[in-house]
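Thank you all for coming. I would like to take a few minutes to walk through one structure, beginning with a contact between chains and ending with the spaces inside the protein.

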Amino acid sequence: MTEFTRLTSIAAPFPESDIDTDVVIPARFLLLLDKAGLGQHLFHERRHDRQRQRNTSFVLDHPPFDTAKILVAGRNFGCGSSREQAVWALADFGITCVIAPSFGEIFFANCFKNGVLPIILDAELYDRVLLVAEAGAEMTVDLQTQEILLPKGTPIPFAVDPHRRRALLLGLDEIGMMLTDDGADIEAFEANHRVAAPWLFLDCDRREEVKL
Amino acid sequence: MTGRTLYGKIWDSHLVKNYEDGSSLLYIDRHLVQEVSSPQAFAGLALQGRAVRRPQANVAVADHAVPTRNRANIEVGGLAQLQIARLEENAARFGIDYIPIESRHHGIVHVIGPELGFTLPGATLVCGDSHTCTHGAFGAISFGIGASECEAVLSTQCLRQTRQKVMRVWLDGALPFGLSVKDIILAVIARIGTSGGVGHAIEYAGPAVQALSMEARMTLCNMSIEAGSRVGMVAPDERTFAYLEGRAMAPKGKLWDQALEYWQTLPSDADVVFDREVRFDVSELTPFVSWGTSPEESAPIGARIPDPAAESDGVKRLRMQRSLDYMGLTPGTRLEDIGIDRVFIGSCTNGRIEDLRAAAAVIAGRRVASSVEAIVVPGSAQVRLQAEAERLDRVFLDAGFEWREAGCSMCVGMNDDRLRPGERCASTSNRNFEGRQGIGGRTHLMSPAMAAAAAIAGHLVDVRRMAGEGHA
Ligand code: SF4
């Protein structure tokens with residue numbers, strides 16, 4: 001995962017509330033094999049009309065917002081099914097930070113697994129950010145200092161779980177964290193386990209007998 | 001020290017460490033890899049340049065998307081073929097054993113794991129599929145996981161998990177003639193509800209469980225997820241050991257003896273206190289069928305469709321109404337008067353040899369109703385071969401059933417076998433959700449014997465009555 005330290009970008013305003021993961025990426029795209037390329041299906045129904053033609057009035061297809069790396073979303077963003085594809089599609093599109101008044105719980109957790117920073121802001125601060133986004137001006141999200149810097153006014157502080165913050169700063173996904181923090185413990189456990197329950201380790205010669 | 005549960009013993013022996021937030025790192029012994037949930041996990045590994053920690057702890061097989069007829073004609077470049085090809089490539093690239101669809105070991109992951117002896121008592125086993133709870137029938141902690149978790153297991157052999165509470169489902173009494181374990185589990189789910197097991201691992205125990213074959217125990221554990229529980233378990237016993245001895249990947253010789261000695265210590269201690277306990281007497285049961293779009297919406301075959309107007313809870317009333325609208329059913333209709341268009345015998349719930357025997361026993365010498373299309377899809381190539389050796393295929397074919405190759409088939413609308421909109425199916429699978437067997441399809445869950453009886457009658461029917469109608 002790439003490190004997330006400081007991100008400067010314009011932000012796409014999409015303040016509609018209760019956007020569920022079916023809207024973020026419809027179920028029929030779940031059969032695709034890759035994470036890469038999912039971005040083209042992000043918000044598919046919103047970005048296409050009934051005849052499946054591109055409908056460029058959607059904010060992400062509307063320059064300059066088509067290059068935004070930040071999404072200013074509405075209340076309860078990412079609710080609904082647990083599909084991780086919702087985050088993959090956002091990340092593949094190039095959005096690595098989502099700012100909203102609240103999030104769907106699983107979506108929120110899935111963001112951190114995939115290098116995307118979700119930020120929850122109180123109404124007053126959120127409104128300031130939304131205004132800047134709507135004006136098409138740049139803002140900077142600094143994870144080191146845990147602040148959002150707007151063109152004018154005082155920086156906006158935000159909270160983030162320390163464990164998850166560290167993972168994003170170092171570009172470690174959950175697996176990367178496990179490998180760095182728990183690698184030695186896993187190694188030690190596995191060595192003992194191999195002695196205590198050798199029959200669970202198929203790496204022995206026995207495997208040869210099985211012709212699959 | 002107070003006693004420990006089967007779940008607790010396996011958990012303790014796989015605990016790598018506890019984290020401050022109350023979660024734990026759990027070591028995973030076995031991982032079954034299938035085509036639908038694994039591509040992104042492998043892509044993630046490739047992207048990070050990571051290896052699979054223990055390739056030998058994995059077995060890969062394609063089951064969800066595979067066609068069950070005309071396999072040779074699989075559409076090249078079609079989604080199914082691409083998914084299967086991708087799984088094979090990934091397996092080769094990461095050194096994992098892959099079971100080709102032509103192999104005599106091929107089948108649905110949850111059928112072949114036990115057949116190969118890959119599933120063992122006391123082990124932790126995962127797969128990117130929610131019905132992984134099936135393997136708990138052998139006394140293992142076994143559960144379904146998501147795409148990121150598959151990737152975590154591939155690269156670390158561990159998962160961050162929270163220890164579950166344990167609920168014991170105690171089954172007393174002897175199962176009456178004509179009934180099967182599917183009737184038990186549908187009745188249990190109808191009673192405790194689809195969220196009855198949330199947050200709990202279920203341990204099934206009691207005389208009625210001990211009396212069940214391994215196949216039946218797998219059906220029981222398989223449906224745990226429909227009661228909201230990711231883990232279902234049965235303590236290993238002589239029957240478990242007899243099933244496993246000599247299986248291709250089961251331990252042999254000295255290792256077998258060593259394993260056996262350990263496995264015998266696994267059952268929950270006599271003095272253990274469960275977090276929750278529910279009891280059932282199975283001797284009073286009658287065959288169960290589902291009538292709605294959730295497995296808990298099931299009733300004895302002699303019942304009528306319930307009336308939402310009689311439901312006092314507003315939320316439940318709406319849910320019932322929605323189910324009946326989708327199912328095209330009216331309150332007060334006798335379940336036995338519901339006509340069907342299709343019959344599906346198969347899936348990881350009821351695609352094993354005993355299931356096919358039970359269905360064949362009902363069908364022998366009879367014909368499928370002319371209005372019904374019926375298929376039998378063995379859960380694995382082994383099941384198919386065994387059934388053919390017993391000439392069960394002839395029984396099905398002679399009655400007018402189609403006899404297919406192994407796969408998930410019509411359990412899930414992800415391959416060529418699907419219901420058409422509005423079609424009604426008597427199905428031995430596990431989920432009757434809207435659209436599960438095809439867009440607009442209507443599913444009634446039941447046992448293999450009941451599905452077979454429905455195929456003959458052309459409508460839902462009490463199989464016990466058919467058995468009484470003496471035929472040649
Ligand atoms: S048979 Fe059905 S429930 Fe079982 S693994 Fe296949 S799709 Fe899932």
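Let me begin with a single pair of residues: B:Arg53 forms a salt bridge with A:Glu190, and the closest N and O atoms of the two are 3.1 Å apart. B:Arg53 sits in the loop between helix 2 (39-48) and strand 4 (58-61) of chain B, while A:Glu190 belongs to helix 7 of chain A, so this pair joins two chains. I should say at once that what you see is a predicted model, and that the values I quote are computed from it.

How many salt bridges are there between chain A and chain B? The count is 4, and the pair of A:Glu190 and B:Arg53 is a salt bridge that links these chains. For the whole structure, the search over all chains finds 33 salt bridges. Turning to polar contacts, 9 residue pairs make them between chain A and chain B, counting pairs in which both residues are at pLDDT 80 or more.

Which elements of chain A give two or more residues to the side that touches chain B? They are helix 3 (85-93) and helix 7 (174-196) of chain A, and it is helix 7 that provides the largest share, with 12 residues. By class, the side of chain A that touches chain B comprises 17 nonpolar, 4 polar and 15 charged residues.

Now for the interface in total. On the side of chain A, 36 residues are in contact, and on the side of chain B they meet 55 residues. The size of an interface is often given as the accessible area lost when the parts come together. Between chain A and chain B the buried area is about 4100 Å², and carbon and sulfur atoms give 60% of that area.

Let me move on to the enclosed spaces, where a search of the whole structure finds 2 cavities of 30 Å³ or more. The largest cavity has a volume of about 90 Å³. Its lining consists of 13 residues, and those that lie nearest the centre are B:His64, B:Asp129, B:Cys348, B:Cys408 and B:Cys411. Sorted by class, the lining of this largest cavity has 6 nonpolar, 4 polar and 3 charged residues.

The second largest cavity has a volume of about 60 Å³, and its lining includes the aromatic residues B:Tyr7, B:Trp11 and B:Phe143, together with others, among them B:Leu26, B:Gln161 and B:Arg230. Helix 1 (6-13) and strand 7 (141-144) of chain B are the elements that give two or more residues to this lining, which divides into 6 nonpolar, 3 polar and 1 charged.

Finally, I would like to turn to an open space, the second largest pocket, whose volume is about 560 Å³. Of the 31 residues that line this pocket, B:Gly178, B:Leu179, B:Ser180, B:Ala358 and B:Ala449 lie nearest its centre. Two or more residues of the lining come from each of helix 6 (181-192), helix 8 (214-222), helix 13 (353-363), helix 16 (448-457) and helix 17 (463-468) of chain B. Which of these helices gives the most to the lining? Helix 13 of chain B does, with 5 residues. The lining of the second largest pocket divides into 19 nonpolar, 7 polar and 5 charged residues.

Notes. Residues numbered from 1 in each chain as written. Chains lettered and ligands numbered in written order. Predicted model: local features only at pLDDT ≥ 70, side-chain atom pairs only at ≥ 80, totals over all residues. Heavy atoms only, no water. Contact = heavy atoms within 4.5 Å. Buried area = accessible area lost by both parts, 1.4 Å probe. Salt bridge = Lys/Arg side-chain N within 4 Å of Asp/Glu carboxyl O. Polar contact = N/O pair within 3.5 Å; in protein donor to acceptor, adjacent residues only side chain to side chain. Helix = DSSP H or I, 4+ residues; strand = E, 2+ residues; numbered from the N terminus. Nonpolar A, V, L, I, M, F, W, Y, C, P; charged D, E, K, R; others polar. 1 Å grid on protein atoms, 1.4 Å probe; cavity = no way out; pocket = protein on both sides within 12 Å on 5 of 7 lines; lining within 4 Å. Points joined across faces, edges and corners; volume = space filled by probe spheres on them.
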